[in-house]
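The following exercises are meant to be worked through with the coordinates open beside the text. Each one sets a task and is followed by a solution in steps.

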Amino acid sequence: MINYNDAEVALQYLNDTDEPAAMAKALYDGLYEQRKTIRAMQFLKATGSAAERTEKANASIEYQEHLQLIKDAQIDYEILKNTRETKVRITEMWRSVNSNQRKGNI
């Protein structure tokens, strides 16, 4: 059963993670958008036909490292987002249980 302390802890977590959640989302979005620039820079450095340059850009160390940064940022953001969603569900459940207790339904 979810009690008052569980709800209080969940709400405090939500309060404490507002800014980190926003920062994690902004980092992921920024890195995701920047991938095109990184790939384009590598394309311009490469030699050969357009198809060869595209493949070289996609295979470049710089681009692969950037893709890894995107992946890491997305994982961090998704973990934080999912944890926050769980805390929201805990508070909603507590509200429901608390309301039912006041009404005598539990």
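**Exercise 1. Classify the rings of Y28 and Y32 by exposure and by the geometry of their pair.**

Solution. Begin with Y32, whose relative accessibility of 35% in this predicted model places it among the partly exposed residues. For Y28 the corresponding value is 14%, and because the limit for a buried residue is under 20%, Y28 counts as buried. Next, consider the sequence: the two tyrosines are four residues apart in helix 2, which puts about one helical turn between them. Finally, turn to the rings themselves, whose centres are 6.0 Å apart and whose planes meet at 40 degrees, so the pair is classed as tilted.

**Exercise 2. Determine how many aromatic pairs the whole structure contains, and describe the one formed by Y4 and W94.**

Solution. The search of the whole structure returns two aromatic pairs. In the pair of Y4 and W94, the ring centres are 5.7 Å apart and the angle between the planes is 70 degrees, an edge-to-face arrangement. To place this pair in the fold, note that Y4 belongs to helix 1 (residues 4-16) and W94 to helix 4, so the contact ties together parts that are 90 residues apart in sequence. As a last step, check the accessibility of Y4, which at a relative accessible area of 54% is exposed.

**Exercise 3. List the salt bridges and state, for each, where its two partners lie in sequence and structure.**

Solution. The structure has three salt bridges, and they can be taken in turn.

1. D18 and R84 join through their side chains, with an N to O distance of 3.0 Å. Since D18 is located in helix 2 and R84 in helix 4 (residues 61-103), this bridge ties together parts that are 66 residues apart in sequence. The relative accessibility of D18 is 43%, which makes D18 partly exposed.
2. K25 and D29 approach with their closest N and O atoms 3.1 Å apart. Both residues are in helix 2, four residues apart, so that about one helical turn separates them. K25 is partly exposed at 31% relative accessible area, and D29 is likewise partly exposed at 32%.
3. E78 and K81 have their closest N and O atoms 3.5 Å apart. These two are three residues apart in helix 4, again a separation of about one helical turn. Their relative accessibilities are 27% for E78 and 30% for K81, and each of the two counts as partly exposed.

**Exercise 4. Identify the charged groups that sit over the rings of F43 and Y13.**

Solution. Start with F43, over whose face R53 lies, at 4.3 Å from the ring centre. Then take Y13, where the charged end of K87 is placed over the ring, 5.6 Å from its centre.

**Exercise 5. Locate A40, judge its exposure, and give the separation between its C-alpha atom and that of T54.**

Solution. First, assign A40 to its element, which is helix 2 (residues 18-45). Second, read its relative accessible area of 37%, a value that makes A40 partly exposed. Third, compare sequence with space: A40 and T54 are 14 residues apart along the chain, and their C-alpha atoms are separated by 8.6 Å.

Conventions. Residues are numbered from 1 along each chain as its sequence is written. This is a predicted model: local features need pLDDT of at least 70, side-chain atom pairs count only at pLDDT 80 or more; totals for chains, interfaces and linings use all residues. Side-chain values use heavy atoms; hydrogens and water are left out. Buried means under 20% relative accessible area, exposed over 50%, partly exposed in between (1.4 Å probe, protein chains only). A salt bridge is a side-chain nitrogen of Lys or Arg within 4 Å of a carboxyl oxygen of Asp or Glu. Rings of Phe, Tyr and Trp (its six-membered ring) pair if their centres lie within 6.5 Å; planes under 30 degrees apart count as stacked, over 60 as edge-to-face and the rest as tilted. A charge sits over a ring if NZ of Lys or CZ of Arg is within 6 Å of the ring centre and within 35 degrees of the ring normal.
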